Structures are given as structure tokens and as C-alpha cells.
Amino acid sequence: MGTTKNYKDILKGKYPAKAHAKKVAQYIVSKGGDASGTIYLEAQKSRLIEDNDSEAPFRQRRYFYYLSGCNLPDSYLTYDMKGENLTLFIPPVQPDEVIWSGLPMMVEEALEKYDIDHVQTTDTVNSHLASSSSSSQTTVYAIPNQISDHITFLSYNTTNFDLLKPAIETCRVIKSPYEIALIRKANQISTDAHINVMKAVSKAKNETELEAVFLKSCIERNAKNQAYHSIVAAGENGATLHYVRNDEPISKQLNLLLDAGCEVDCYASDITRTFPINGSFSSESLSIYNIVLDMQKQCTEALKEGIKWDDVHELAHKIAIDGLLKLGILRGSADEILKARTSVAFFPHGLGHYLGMDTHDTGGNPNYADKDPMFKYLRVRGTLPAGSVITVEPGIYFCRFIIEPYLKNPEQAKYIDEGVLEKYWSVGGVRIEDNILITPSGYENLTPTPKEVDEMRNIITGS
């Protein structure tokens, strides 16, 4: 399916904070909550670096942002569930601070910018809470450990710390058109950055240079924050799933695994591409790449509303087993190999995760206590709803620390041809990752980043 829908027109509007607040309130009521209650949230505080007078990097609390669209620190928010009134509290003007930092956002500006009903300054929060908690409004819903010491809920009959956080986490799974547009924009900017790394890879000397290319490409497109720490892994470094050093020489390596994505207005992209440093895959690398590409394409084609993610993950393993059998790395019966979970040695992580304000977004209901190694690290369990965005990121890795224990276990080693395996260590790891929107009839791929072998080769070689 296509990826050409225009996100720019949608983003001319406002982040749908009031629709999100209403959805969260409805969830709370559906769980037996007080329909006349008040939702209370706080933004992240501005902080200084420890033992230093410089500001620490700021990252907005996602629960607050979901109901406000506001990326200001030191702010507050209330939502009157009965009256459906959303009130934002922003820091007032502090003359001493203006000298150093300029004027903050004014009340009138905030009312124009955000999808909210009222804007006040933060020095009025407690008086607002006291006036809101009438006899018909008896419960305040808040998140534990995210309430300032000076805030008081004494005028409410009940304080509920249990419902708000799961309510927001559940509601965040199904994205609004505005949220999808933000993810689409992040994907486009990240795609430009991935292409620029492909253009630079054959001339670069080390991973650090390529990380710099990616960051520059994002920042100059006004995406100043990354959704996560980039993975820029050359050669065997690609076998480390969350490799973070990004500082090794690349001249003697075969491939580059680039897992990197920017963030746009608190919404993430998460894209992985693996490509040959000199433009042409070795025969071993190409064989593995084609298996992973087949895994990704078949699993993506299986997606639609209501599909069980566990089944799609199992499908990826079946395709991997068939491919590794054809190469001779695995041997024996495909059914027996699947049952023995030998393929986990080569594909140890889950097929993907929800994507949104967090790279590993909320609502996946993982079960890390699962004794089945094939499903233990699967971040999403159960069926996929329409409107959710999920990553599809199969991979095959040649990590000695993972595979060698299998080789020492006779029940696993009988399915692995160690002689054939020896030719593939230098491949490192191959992962391909796209961000997929689930629709009632199927899916839409939000990631336009090149991944076909010929297209990547042409970009790398400039042909």
C-alpha cells in the first residue's frame, strides 16, 4: 500500500487534546469511575544538571502531552469530566528569568496554540482545584509520583491513583489522524536521513561519521530530537541488538546496520536498514538479506485489524527457518526446528512493537515471564486494533554469545551445521524495520525508506 498521503494539511490544525481527554474520561467511566470527576496531570519539571547550573535536557511527560499537546515544562492540566472543560496552567512571567531567557509563552498565545478551553498561570492551580471540587465532583484522578508537594486535593472526597495511567496507556494505542500525520512526518524526515547515510557510507571511515550525517539531516529539517539512541553498527557489531558505541572503523566491514529515527512534536519514527558499505552485498550477506526481506514482506502482508500478533511473529520464524534450511545453516525438519525453538538463536527478539509518543509505545501487554523463548521478548501480545501503529522488524543475527550456547547443547546443535555457519559470522546482523498503520482492511506502510537491493546499491554508488 502507498505512503504518499499528505500529512501537511492535517498538521495545519491543532493536536487533538480535547478529543484525547474525552476518550480517557470515557475509559475511566467504563471501568466504574466517577463521571463527575477531575483529571489532573503535571508536565515534566525543568531541572539542572547535577552539580551544575546548566539545564538538563528536557523530555515532556507523555501522559501530560497526550491531553494537552503542550511541550512546556513546569505546567499543569485539569479536565472536568462532566463539563468537558480542559484547562492548561502555564508558568507566569518571571521578570528575573526574562533577562536570561526572554519572554515565556503568554496566556493568549497558549489559548491560540493548543486545543484547550482555558489557560491560566500555574500560581492558580490550587484555587482552581478547590473551586472545581463541588459536591457533584468528588473524585480526582492523578498519576502517583507525578504530583508536586504543594498541590492539594483536600477538597475532593476521593483521590484515585489507579485508573488514569492505564486509561491513557490504553487510549494511546489507537491513533488519531493527527498523530498518524506526525508519525508520517517523522518517517519522511528519517527517510531523508537514512538516504543521506547511504550516500555517505562508502566514503566514511567510522560509524561516528555516519551517526553525524543522520543527526545533521534531521536537525536541519527541524527535527532536533531523536526518538532513541541511534544504532550505527558496521559488520559484526550489527549482531548486537542495541549496539550503542557507534565509534568503530568501517573500512574492513561488509555491511552497515542503521537503526535510527527522529521525533516530531513528541512522536517517534523507528526505521532500520541494512546495506553494503561498498554498494554490493557479499553472496552470504545477500542470502541473509533476502531471507529477512521476505520475512518482513510476508509478515506485513498478513497484517489487518484483528490479526493476532503472536501468529505473525511465529510466521516470521517459519520463514527464517525455511531460508536458513535452504542455505544449509540449519538442517533437519522445519517443524522439529520450530518446536525446538532453534531459530531463536538467529532471531532472538520480538517482531515489533507499538509506536507513538514512545518508541516502544504503551498498550502492548508483553509477558516477559513467558517460558517460551520464542515469545518471551515479544513486546505486543494479542490482536491488533485498527488505528494502531506497529513496527515490523524481523532480523537474522550471527552473534557468538547467543549462538554458541546452542552449539554446545546437543539437542539444539543437531539442527545447526557449524561448518556452513562459519561462513556467515562476518555478516553480523541484518534487520529491516518499517512502521505500519493497521487499517480495517489491511495496513498502510508509513515508511518510504528504500530497502530493495538495487535501489540501495544505486544510492550508495551514485549510479
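In the predicted model, Asn 145 sits in the loop between strand 5 (139–141) and strand 6 (158–160). Its phi is near 70 degrees, a positive value in a residue other than glycine. Asn 145 counts as exposed because its relative accessibility is 79%. A second asparagine, Asn 365, also has a positive phi, near 50 degrees. Asn 365 belongs to the loop between helix 11 and strand 13. With a relative accessibility of 59%, Asn 365 is exposed. Most residues other than glycine have a negative phi.

The loop that holds Asn 365 also holds Asp 358. This loop runs between helix 11 (334–340) and strand 13 (389–392). Asp 358 has a relative accessible area of 19% and is therefore buried, the cut-off being under 20%. Beyond residues up to four places away in sequence, Asp 358 touches Arg 59, Arg 62, Arg 172 and Ala 268.

Salt bridges come next. The count for the model is 27. One of them joins the side chains of Asp 372 and Arg 341, with an N to O distance of 2.6 Å. Both residues lie in the loop between helix 11 and strand 13, so the pair ties together parts that are 31 residues apart in sequence. Arg 341 is buried, at 17% relative accessibility. Salt bridges with shared partners also build one network from Arg 59, Arg 62, Arg 172, Lys 175, Glu 263, Asp 358 and Asp 361. Asp 358 thus appears in this network, and three arginines of the network, Arg 59, Arg 62 and Arg 172, are among its contacts.

Asp 259 and Arg 431 form another salt bridge, at 3.0 Å from N to O. This pair links distant parts of the chain. Asp 259 is in strand 9 (residues 255–260), Arg 431 is in strand 15 (residues 429–431), and 172 residues separate them. Asp 259 has a relative accessible area of 5%, which means that it is buried. Arg 431 is buried as well, at 3% relative accessibility.

Arg 245 and Asp 247 also pair in a salt bridge. Their closest N and O atoms are 3.4 Å apart. Arg 245 counts as exposed because its relative accessibility is 54%. Asp 247, at 38%, counts as partly exposed.

Arg 273 is placed in strand 12 (residues 271–276). Its relative accessibility is 0%, so Arg 273 counts as buried. The C-alpha atoms of Arg 273 and Ile 195 are separated by 9.9 Å, although the two residues are 78 residues apart along the chain.

Helix packing was examined for helix 7 and helix 8. Two packed helices are described by the angle between their axes and the distance between the axes. Helix 7 (residues 177–200) packs with helix 8 (residues 207–219) at an angle of about 145 degrees. The axes are 8 Å apart. The crossing of helix 7 past helix 8 is right-handed. From helix 7, the contact involves Ile 189, Ser 190, Ala 193, His 194, Asn 196, Val 197 and Ala 200. From helix 8, it involves Leu 210, Val 213, Phe 214, Ser 217 and Cys 218.

Gln 188 is also part of helix 7. It is partly exposed, at 30% relative accessibility. Leaving aside residues up to four places away in sequence, Gln 188 touches Tyr 7 and Pro 448. Gln 188 and Gly 261 are 73 residues apart in sequence, with a C-alpha to C-alpha separation of 9.8 Å.

At the surface, Val 93, Leu 103 and Met 106 make a nonpolar patch of about 260 Å². Met 106 lies in the loop between helix 3 (95–101) and helix 4 (107–113). Its relative accessibility is 30%, so Met 106 counts as partly exposed.

How values were computed:
Residues are numbered from 1 along each chain as its sequence is written. This is a predicted model: local features need pLDDT of at least 70, side-chain atom pairs count only at pLDDT 80 or more; totals for chains, interfaces and linings use all residues. Side-chain values use heavy atoms; hydrogens and water are left out. Patches are made of residues with over 30% relative accessible area and no salt bridge: like charges are joined within 9 Å, nonpolar side chains (Val, Leu, Ile, Met, Phe, Trp, Tyr) within 5 Å. Accessible areas come from the Shrake-Rupley method with a 1.4 Å probe; for residues, only the protein chains shown count as cover. A salt bridge is a side-chain nitrogen of Lys or Arg within 4 Å of a carboxyl oxygen of Asp or Glu. Helices (H or I, at least four residues) and strands (E, at least two) are DSSP runs, numbered from the N terminus. Buried means under 20% relative accessible area, exposed over 50%, partly exposed in between (1.4 Å probe, protein chains only). Axes are lines fitted to C-alpha atoms, for helices over the stretch in contact, and angles run from 0 to 180 degrees between N-to-C directions. A crossing is left-handed if the near helix is turned anticlockwise from the far one by less than a right angle, and right-handed if clockwise. Contact means heavy atoms within 4.5 Å.
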